[in-house]
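The following paragraphs lead the reader through one structure, from its strands and loops to its interior. Please keep the sequence and the model in view while reading.

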Amino acid sequence: MKVRLLYKKYRDALTQVYPMQEAESQTLWLMEYFLKISKRDLLKDAVIAAVPEGLSKALEELLGGKPIQYILGESPFYGRNFKVGPGVLIPRNETEEMVHLILGNHIEGAKVLDIGTGSGCIAISLALEMAKAEVGAMDLSVAALAMARENAAQLKAAITFFQSDVLLDPLPLLDLDIIVSNPPYVRASEKGLMHKNVLDHEPHLALFVPDEDPLKFYRVIVKKAIMHLKKGGCLYLEINEVFGNDTRSLMEESGFEEVKIYRDLNGKDRIVWGRKPN
């Protein structure tokens, strides 16, 4: 079978569930993973002898709404592939932007804590990209920590992991240069705006907060961060675009200076960061 014909067949099937651009992207991803076929091979209209059973099964799972990252067991993040699975939030492009921002502000030798590490994508990326970094990562979820440890071992990143609840427990490290967190921030009322594959498969514990208290994690993290950072240390928070100004106010009221809101590539308020006074 020629790959263009197979590509069109899979793409058209996926447009029943996904927008065209996403269907095209996911079809290419499947073909690269199962057939080792690149976009260049597609342009050449290469020929394959047979369609692997795993590829057909993956299409069925995609049509059923299962995220492609869970089907393949991996997700790209900041130039590396991270293992992911049910119970672990799939890394997002917006979080890559936060890593890039941190790396632009800090060169080397930082002592870092990642709160709510999930797959470990933030902590591991910082440990590998930042020279002489000392990185710790914490999460409440035992499943998430197990996955993060696997990723750290596979990518050869030196991370110290802690099983801890940020809402109840003290932070496990002191005298930090950087605290970073992508805590749950999607309001329960926003579920209707989300794709079914997210709602049915990704861990709600890592996604949602109650409408009546949408900043519950931010209040606690900001309060603890100001005590655990060194003078001049920085706090970086990924946020719900609706609460940029509220999060900035929380940080300023807690004593942070130079607090800034950073917009993502889509022009939405996505990161708030500030510095503990010297």
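Strand 10 and strand 11 form a hairpin with 5 residues between the strands, and glycine 267 there takes a positive phi near 80°. Strands, like helices, are DSSP runs numbered from the N terminus, with at least two residues (E) for a strand and at least four (H or I) for a helix. The model is a predicted one, in which local features need pLDDT of at least 70 and side-chain atom pairs count only at pLDDT 80 or more, while totals for chains, interfaces and linings use all residues. Residues are numbered from 1 along each chain as its sequence is written, and side-chain values use heavy atoms, with hydrogens and water left out.

Strand 10 (residues 257–263) is joined to strand 11 by 5 bridges, and the two run antiparallel. Two strands are said to pair if DSSP finds at least two bridges between them. Within this pairing, arginine 263 has aspartate 269 of strand 11 as its bridge partner. Strand 11 also has an antiparallel connection to strand 9 (residues 229–238), again through 5 bridges, and here leucine 235 stands opposite glycine 274 in strand 11. How much of strand 11 is covered? Of the 7 residues in strand 11 (residues 269–275), 6 are buried, where buried means under 20% relative accessible area, exposed means over 50%, and partly exposed lies in between, for a 1.4 Å probe and protein chains only.

A second hairpin is found earlier in the chain, formed by strand 1 and strand 2 with 2 residues between them. Tyrosine 78, in the turn, has a positive phi of about 50°. The antiparallel strands, strand 1 (residues 74–77) and strand 2 (residues 80–83), are joined by 4 bridges, and serine 75 stands opposite phenylalanine 82 in strand 2.

Parallel pairing appears around strand 4. Strand 3 (residues 111–115) is joined to strand 4 by 5 bridges in the parallel sense, with lysine 111 opposite glutamate 134. Between these strands the chain passes through helix 7 (residues 121–129), and this β-α-β crossover is right-handed. The term right-handed applies if, with the strands pointing away from the viewer, the path from the first strand over the helix to the second runs clockwise. Strand 4 also pairs with strand 5 (residues 159–163), in the parallel sense and over 5 bridges; in this pair glycine 136 stands opposite threonine 160. Helix 8 (residues 142–155) completes a right-handed β-α-β unit with strand 4 and strand 5. Strand 4 (residues 134–139) is mostly covered, as 5 of its 6 residues are buried.

The loops and helices of this region supply further examples. Threonine 117 lies in the loop between strand 3 and helix 7. Because its relative accessibility is 5%, threonine 117 counts as buried. Leaving aside residues up to four places away in sequence, threonine 117 touches Ala123, Ala137, Met138, Asp139, Leu145 and Ala148, a contact being heavy atoms within 4.5 Å. Alanine 143, in helix 8, is partly exposed because its relative accessible area is 45%.

Most residues other than glycine have a negative phi. Lysine 132 has a positive phi, near 60°, and is found in the loop between helix 7 and strand 4. Lysine 132 counts as exposed because its relative accessibility is 70%. Aspartate 175 likewise has a positive phi, near 55°, and sits in the loop between strand 5 and strand 6 (176–181). At 49% relative accessibility, aspartate 175 counts as partly exposed.

The interior holds 1 cavity of 30 Å³ or more, and the volume of the largest cavity is about 30 Å³. On a 1 Å grid over the protein atoms alone, a cavity is a set of points where a 1.4 Å probe fits but cannot get out, and lining residues have an atom within 4 Å of a point. Grid points are joined across faces, edges and corners, and a volume is the space filled by probe spheres set on the points. Which residues line the largest cavity? They are Tyr185, Pro214, Leu215, Tyr218, Ile239, Asn240, Phe243 and Thr247. This lining divides into 6 nonpolar, 2 polar and no charged residues, with Ala, Val, Leu, Ile, Met, Phe, Trp, Tyr, Cys and Pro counted as nonpolar, Asp, Glu, Lys and Arg as charged, and the others, Gly among them, as polar.

Definitions and conventions
On a 1 Å grid over the protein atoms alone, a cavity is a set of points where a 1.4 Å probe fits but cannot get out, and a pocket is an open set with protein on both sides within 12 Å along at least five of seven lines; lining residues have an atom within 4 Å of a point.
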